[in-house]
Amino acid sequence: MALANIDWISTMKKPHALSVFYATLAAAFLLLLAMSITFYLYMDSRLAIDKAQLNREHSLHLADELRQTSDDLTRMVRLYVVTGNPMYKKQFQEVLDIRDGLVPRPENYSSIYWDLVLESDKRPRPLSTAAKLTDLMRQADVTEHEFSLLNAAKDSSDALVNLERQAMVLREQATSNGQTQSWQAITIIHSNDYQKAKAGIMLPILNFTVALDERTQLNVQSHLQTATALQYWLTLLAILSALTIGLAAWALQRILGASLGTIEKHISHLGHGEYVDALSVHGGLEASIAGCIARAEKRLTEIEIDRERQQAELKKAEHSLMESERLASLGALVAGVAHELNTPIGIAVTAASALEANTKDIAAQIKDGKMLRSTFDNYIEHCSQGTPMILRSCLRAANLIASFKNISVDQTSEQRRIFKLHDVANDHITMLRTAHKNVKWTFENTISPEISCDGYPGALGQVISNLLHNAAVHAFEPTDSGTITISAEIKDDYVTIYVTDNGKGMSEVILARIWQPFFTTKLGSGGSGLGLSICRNIVVGILGGSLIASSAEGQGTCFTLHLPLTASINQIYHK
C-alpha cells in the first residue's frame, strides 16, 4: 500500500511533457530576447569604445596640428629672416590663414605637408573646405577644461606671431649694407623671450594631451568593463539557452514519441491508405503522437480488414443478386414462352384432331364402299385448309422454342463464342414481344445482320433484355404509341449499341440516380431497382465496355453501350 502511494506521488510529480515543452519554449524565447538585448548593449559599448578612441585620436590630431602649425610658422619666419625669400613669408601667412579658416584646408593636413612644399605654386595634396582650428576643437567633443588649454595654446601662438612679424618687418627694412636689421631679426627669433613664448604654446598642448589621455583612458576603460560584463552575461545566457533548447528537445521527443521523419512517413502512409508497416512505440510513450498514430494504424488496419471482408460479402451478394435476376428473368421467359406456345399448339392440335376425325370417317366410307365423290372432295378441301394451319402453328412454336433455346443456352452456359449481334437482339425482342403483345408501341431491331462479335452473348443478351424491358416498363403506358429501337454501328474495333425510345423520358434528378442499386420509380409495381445497376456491372466487369444514359423529360431516353468487337482475353465471365 505504501509502495503504491509512493508510485502515485512520483507520477504526480513528473512534469507533463507538453507543459514542459511550452515552458521551455517560453523560457527560450525570453532568453533569446535577453540575449538580443545584451548583444545590442554589448555592441553599443563596443561602438562607444571605438567612438571614444576615434574622438581621442581626433583631439590629439588637432592638438598636434596646433603644435605643428606653431612649428611651421617658426620655420617659415626663420627661413625668411635668414634668406629673405618672399616665398617663406607667403607660406607663413598661408599657414595662419588655414589655421584661422580664411582659406581652404588641404586634405589630410595633420600629416606631413609643408615639408613637401618646395615651390611657391605647387602643393602636395588638393584643398578641401575652410575651417577654423578653434571650431574644429570645439566640435571634437572635448571638455571645457581641455578646450581652455587648447585655446590658451592658440592665444600664446597668436602672441608669438606678433613677435615673428616684428622679425619679418626688420628683415624687410634691411638694405644691401644694412646688416644690423637682419641681425636684430635673427636675434628676435632665437632669443630667450621667443623660446619662452614657444614654451607657452607647447605647455598647454602637453597639458591638454595629458588631460585628454587620462579622460579618454578612463572612458575607454569604463566601456571595456561594461563590454566585459555584457560578454559574460552573453556567455551565461547562451549556456542557459542551450540547456533550455535541450530540455525543449527532450520534451518534444516525449510529445512526438518518435523522430519527425518517422512520424511524417507514417502520416503519409495513413493519408494514402497504407497500413503495412505498423509504428512501434517504446514503453511510457503510449500517450505521445507516435502512440496515437500507432493506435490509429491498428484501428485502421482492423477497419480495412473488416472492409475487405464486407466487400467480399457484398461481391458475393452482388453475384447472387445477378444470378437471381438472371434466373428470375429466365423464369419469366419460360412462363411467357409457355403461355405463348399455348395458342399455336392449341390451333395445331385442334386442326390435327379435326383432320384425324375426317380421315377416319373417309377411311370407314371407303371400307364400306359408300364413298361419294362429293364427300372425298370435302375431305380434300378440309385437308388443304387444315394442313397449312397446322404447319404455321408448328413453325411459330418452333421459332419460339428456338429463340428460347438460344437465350437459355447463352444465359446458362456462359461460354464465349462468335455470334451475330442482330440475332441475339432479335431473340430477346421476340421473347419480349410475347410479354407485351397487347400494347400499341412496338420493338424495332435495326442492327445490321453482318455485325459479328466475339464475346459472351449470354451476358450481352441479359443487358439488352434488361434495357429493352426497362424501356418497355418505364417509357410508355400500355395505351401510349411509340417505338423502342435497338441499333448499332462499328467504329475501329468497337461496336456502339443504342437502345432508344421516344417515350416520356427522365428528369435530371432521376437520371443522376438510375445506376444506384435498389433505386426505382416503380416501387411496389414489381421493380427491384437492380436492373440497371446489374447491367452496368456486367458491361464494365464482364464485357469490358461502358454504359451511359441520356434523357430529358418528354424527349425519350437513349442507353449507349460501347463494347469491343472482340472481348479481351483478360475478361473472364464469373458467376
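Is Cys453 buried or exposed? Cys453 is buried, at 6% relative accessible area. Keep that residue in mind. One caution before I go on: this is a predicted model.

Cysteines, then. Cys558 is buried too, at 16% relative accessibility. That puts Cys558 in the buried class because the cut-off is under 20%. How many disulfides turn up in a search of the whole structure? Zero. As a reminder, a disulfide is a covalent bond between the sulfur atoms of two cysteines.

Next, the empty space inside. The structure holds three cavities of 30 Å³ or more. The largest has a volume of about 100 Å³. Which residues line the largest cavity? Cys453 is one of them. Asp454, Gly455 and Tyr456 are also in the lining, and so is Phe419. Leu460 and Leu543 are listed as well. Then there is a run from Leu563 through Pro564, Leu565 and Thr566 to Ala567. By type, the lining divides into nine nonpolar residues, two polar and one charged.

Where does that lining come from? Strand 3, residues 452-455, supplies at least two lining residues, and so does strand 7, residues 557-564. The largest share is from strand 3, with three residues.

Now the strand pairings. Strand 7 pairs with strand 5 in the antiparallel sense, over eight bridges. One contact to look at is Tyr494, whose bridge partner in strand 7 is Pro564. Pro564 is also in the lining of the largest cavity.

Strand 5, residues 494-501, pairs with strand 4, residues 483-491. That pairing is antiparallel, over eight bridges. Within it, Ala488 stands opposite Ile497 of strand 5.

Strand 4 also pairs with strand 2. Those two run parallel, joined by four bridges. Here Asn445 stands opposite Ile486 in strand 4. Strand 2 itself, residues 442-445, has two faces. Phe443 and Asn445 make up the covered face. Thr442 and Glu444 are on the uncovered face.

Go back to the hairpin of strand 4 and strand 5. Two residues sit between the strands. Which residue there takes a positive phi? Asp492, near 60 degrees. Asp492 has that positive phi although it is not a glycine. Most residues other than glycine have a negative phi. Is Asp492 buried or exposed? Asp492 is exposed, because its relative accessible area is 67% and the cut-off for exposed is over 50%.

Last topic: the helices. Helix 2 covers residues 17-83, which is 67 residues. From first C-alpha to last, helix 2 reaches 95 Å, close to the 99 Å expected at 1.5 Å a residue. Just after helix 2, Gly84 takes a positive phi of about 75 degrees.

Helix 7 spans residues 192-256, with 65 residues. Its end C-alpha atoms are 92 Å apart, and 96 Å is expected, which agrees. Gly257 follows helix 7, with a positive phi near 85 degrees.

Helix 8 has 12 residues, 260-271. Its end C-alpha atoms are 16 Å apart, which agrees with the expected 16 Å. After helix 8 comes Gly273, with a positive phi near 75 degrees.

To close, back to the opening residue. Cys453 is buried, and Cys453 lines the largest cavity. The whole structure has zero disulfides.

Conventions. Residues are numbered from 1 along each chain as its sequence is written. This is a predicted model: local features need pLDDT of at least 70, side-chain atom pairs count only at pLDDT 80 or more; totals for chains, interfaces and linings use all residues. Side-chain values use heavy atoms; hydrogens and water are left out. A disulfide is a pair of cysteine sulfur atoms within 2.5 Å. Buried means under 20% relative accessible area, exposed over 50%, partly exposed in between (1.4 Å probe, protein chains only). The expected span of a helix is 1.5 Å times one less than its number of residues. On a 1 Å grid over the protein atoms alone, a cavity is a set of points where a 1.4 Å probe fits but cannot get out, and a pocket is an open set with protein on both sides within 12 Å along at least five of seven lines; lining residues have an atom within 4 Å of a point. Grid points are joined across faces, edges and corners, and a volume is the space filled by probe spheres set on the points. Ala, Val, Leu, Ile, Met, Phe, Trp, Tyr, Cys and Pro count as nonpolar, Asp, Glu, Lys and Arg as charged, and the others, Gly among them, as polar. Two strands pair if DSSP finds at least two bridges between them.
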